[in-house]
Amino acid sequence: MIEETHPNDDSYIVRVKAVVMTRDDSSGGWLAQDGGALTRVGVCRLLPPELAPVPTSSSSQFLIRGERLRDKQVILDCPLRKDLVYTIATPTFHHWKVEDRKCGLSFQSPADARAFDRGVRKAIEDLAEGSTTSSTALQNEAELVCRPKFDKKVIG
């Protein structure tokens with residue numbers, strides 16, 4: 001549960017602004033969550049269970065977390081796992097699936113989308129390597145890497 005994790009600003013690999021989307025399987029489309037409210041979304045590293053203020057049962061070391069800008073309410077709380085299926089649908093819309101959960105983000109700019117993608121990749125790489133080192137340099141380097149407009153990949 002998100003109340004148990006309490007990531008701080010230093011624990012984020014990347015943070016960007018986006019609209020959180022959820023999959024509507026009945027229509028086959030994506031719907032803006034919370035009426036399309038702009039959200040600060042990031043990939044954060046969680047404290048090891050033994051150091052957390054409240055013990056957690058989650059085995060994930062990373063979380064994709066979104067806080068609505070207007071009131072800081074958490075509207076996205078998704079553990080990041082090695083088997084994450086991450087899709088870059090357009091330069092400003094990415095979505096992913098972990099277990100049976102489907103989430104998406106509509107970014108304000110392609111640069112924010114690329115920065116977020118790199119943050120997710122770094123977290124997955126750290127999970128695969130079992131790394132516990134901190135990573136902070138990704139947030140503002142969005143303009144350094146250009147990638148194809150459309151690609152789909154399975155990470156992990």
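## Aromatic rings, a helix and a buried glycine

Y86 has 0% relative accessibility, so it counts as buried. The questions below go through this predicted model.

User: What is the pattern of strands and helix along the sequence?
Analyst: The chain has one helix and nine strands. Read along the sequence, they come in the order β-β-β-β-β-β-β-β-α-β.

User: How many aromatic pairs does the count come to? And is the pair of Y86 and W96 stacked or edge-to-face?
Analyst: The count comes to four aromatic pairs. For Y86 and W96, the ring centres are 6.3 Å apart and the planes sit at 15°. Planes under 30 degrees apart count as stacked, so this pair is stacked.

User: Where do Y86 and W96 sit in the chain, and how many residues apart are they?
Analyst: Y86 belongs to strand β6 (residues 85-90) and W96 to strand β7 (residues 93-98). The pair links distant parts of the chain, and the two residues are ten residues apart.

User: Is W96 buried or exposed?
Analyst: Buried means under 20% relative accessible area. W96 has just 1%, so it is buried.

User: Which parts of the chain does the pair of W96 and F116 tie together?
Analyst: These two rings form a tilted pair, 6.2 Å centre to centre with 35° between the planes. Both residues are buried. They are 20 residues apart in sequence, and because W96 lies in one element and F116 in another, the pair ties together strand β7 and helix α1.

User: Which residues form the aromatic cluster?
Analyst: W96 pairs with F116, and Y86 pairs with W96. The one cluster is made up of Y86, W96, F107 and F116.

User: What should helix α1 span, and how far apart are its end C-alpha atoms?
Analyst: Helix α1 covers residues 110-129, which is 20 residues. At 1.5 Å a residue it should span 28 Å, and that agrees with the end C-alpha atoms, which are 28 Å apart.

User: Is G42 buried or exposed, and which residues is it in contact with beyond its neighbours within four places in sequence?
Analyst: G42 lies in strand β3 (residues 38-45). Its relative accessibility is 0%, so G42 counts as buried. Leaving aside neighbours within four places in sequence, its contacts are Y12, V14, R15, L63, I64, R65 and F116.

User: Which side chain does the side chain of R65 make a polar contact with?
Analyst: R65 is in strand β4 (residues 62-68). At 10% relative accessibility it counts as buried. Its side chain makes a polar contact, at 2.9 Å, with the side chain of E67.

Terms used
Residues are numbered from 1 along each chain as its sequence is written. This is a predicted model: local features need pLDDT of at least 70, side-chain atom pairs count only at pLDDT 80 or more; totals for chains, interfaces and linings use all residues. Side-chain values use heavy atoms; hydrogens and water are left out. Helices (H or I, at least four residues) and strands (E, at least two) are DSSP runs, numbered from the N terminus. Buried means under 20% relative accessible area, exposed over 50%, partly exposed in between (1.4 Å probe, protein chains only). A polar contact is a pair of N or O atoms within 3.5 Å; within protein, one must be able to donate a hydrogen and the other to accept it, and residues adjacent in sequence count only if both atoms are side-chain atoms. Contact means heavy atoms within 4.5 Å. The expected span of a helix is 1.5 Å times one less than its number of residues. Rings of Phe, Tyr and Trp (its six-membered ring) pair if their centres lie within 6.5 Å; planes under 30 degrees apart count as stacked, over 60 as edge-to-face and the rest as tilted.
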